[in-house]
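I opened my notebook to go through this structure one lookup at a time. Here is what I wrote down.

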Amino acid sequence: MNCTVMPDFSAVRGCRLIVALSGGADSVALISMLAQERDALGLTLHAVHVNHSIRGEDAQADADFCQTLCRRLGVPLTVETIDVPRLAN
């Protein structure tokens, strides 16, 4: 039995969307579903990942994961690094 549940994305038909991609389950599911429906809905997708420089190597691993995912999905990705600890001082 196939129990795939897909949200109704018809409200964004024909839109250009920028998706904030943290690498967590929610944003990964969102970008994956949108990429799957991109052609049917005429979507233009772009993802953005921000490394806040707080979690060291784990943060770089998240950025690497997002790059690999977006490459596989055919979604352009912009990665920005912000040194939040330095800015907070």
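**Cysteines**

Is C70 buried or exposed? I looked it up: C70 is buried, at 2% relative accessible area. I should say right away that this is a predicted model, so every value here is computed from it.

Next I checked C15, and this cysteine is partly exposed, with 28% relative accessibility.

Then I went hunting for disulfides. Two cysteine sulfurs have to lie within 2.5 Å of each other to count. For C70, the closest cysteine sulfur belongs to C66, 6.4 Å away, so that is too far for a bond. For C15, the closest one sits in C70, at 19 Å, which is also too far. My tally is zero disulfides. Note to self: a disulfide is a covalent bond joining the sulfur atoms of two cysteines.

**Confidence**

How high is the mean pLDDT of the protein? I found 93, with 97% of the residues at 70 or more. I also compared the elements: strand β1 (residues 16–20) has the highest mean, 98, and α3 has the lowest, 92.

**Overall layout**

I counted three helices and three strands. Going along the sequence, I wrote the pattern down as β-α-β-α-β-α. The C-alpha atoms fill a box of roughly 50 × 30 × 20 Å along the principal axes. The protein has 89 residues, and 26% of them count as buried.

**Strands**

I wanted to know how β1 and β2 sit together. They pair in the parallel sense, over five bridges. One pair I noted is L17 with its bridge partner L45, in β2.

Which residues of β2 are on the covered face? Strand β2 runs over residues 44–51, and L45, A47, H49 and N51 make up the covered face. The uncovered face has T44, H46, V48 and V50. That reminded me of a general point: in a regular strand, side chains alternate between the two faces of the sheet.

**Nonpolar patch**

V50 came up again when I looked at the surface. Together with I82 and L87, V50 forms a nonpolar patch there, with about 230 Å² of accessible area for the three together. I followed up on L87: this residue lies in helix α3, residues 84–88. L87 is exposed, with a relative accessible area of 55%.

**Salt bridges**

How many salt bridges does the structure hold? I found two.

In one of them, the side chains of D62 and R55 meet at 2.7 Å, N to O. D62 is partly exposed, at 22% relative accessible area. A residue counts as buried only under 20%, so D62 at 22% doesn't make it into that class. R55 is partly exposed as well, at 44%.

In the other, the side chains of D83 and R86 meet at 4.0 Å, N to O. The cut-off for a salt bridge is within 4 Å, and I kept that in mind when writing this pair down. D83 is partly exposed, with 32% relative accessible area. R86 is exposed, at 54%. Exposed means over 50%, so R86 at 54% goes in that class.

Technical notes: Residues are numbered from 1 along each chain as its sequence is written. This is a predicted model: local features need pLDDT of at least 70, side-chain atom pairs count only at pLDDT 80 or more; totals for chains, interfaces and linings use all residues. Side-chain values use heavy atoms; hydrogens and water are left out. Patches are made of residues with over 30% relative accessible area and no salt bridge: like charges are joined within 9 Å, nonpolar side chains (Val, Leu, Ile, Met, Phe, Trp, Tyr) within 5 Å. Accessible areas come from the Shrake-Rupley method with a 1.4 Å probe; for residues, only the protein chains shown count as cover. Helices (H or I, at least four residues) and strands (E, at least two) are DSSP runs, numbered from the N terminus. Buried means under 20% relative accessible area, exposed over 50%, partly exposed in between (1.4 Å probe, protein chains only). pLDDT is the predictor's confidence in each residue, from 0 to 100. Two strands pair if DSSP finds at least two bridges between them.
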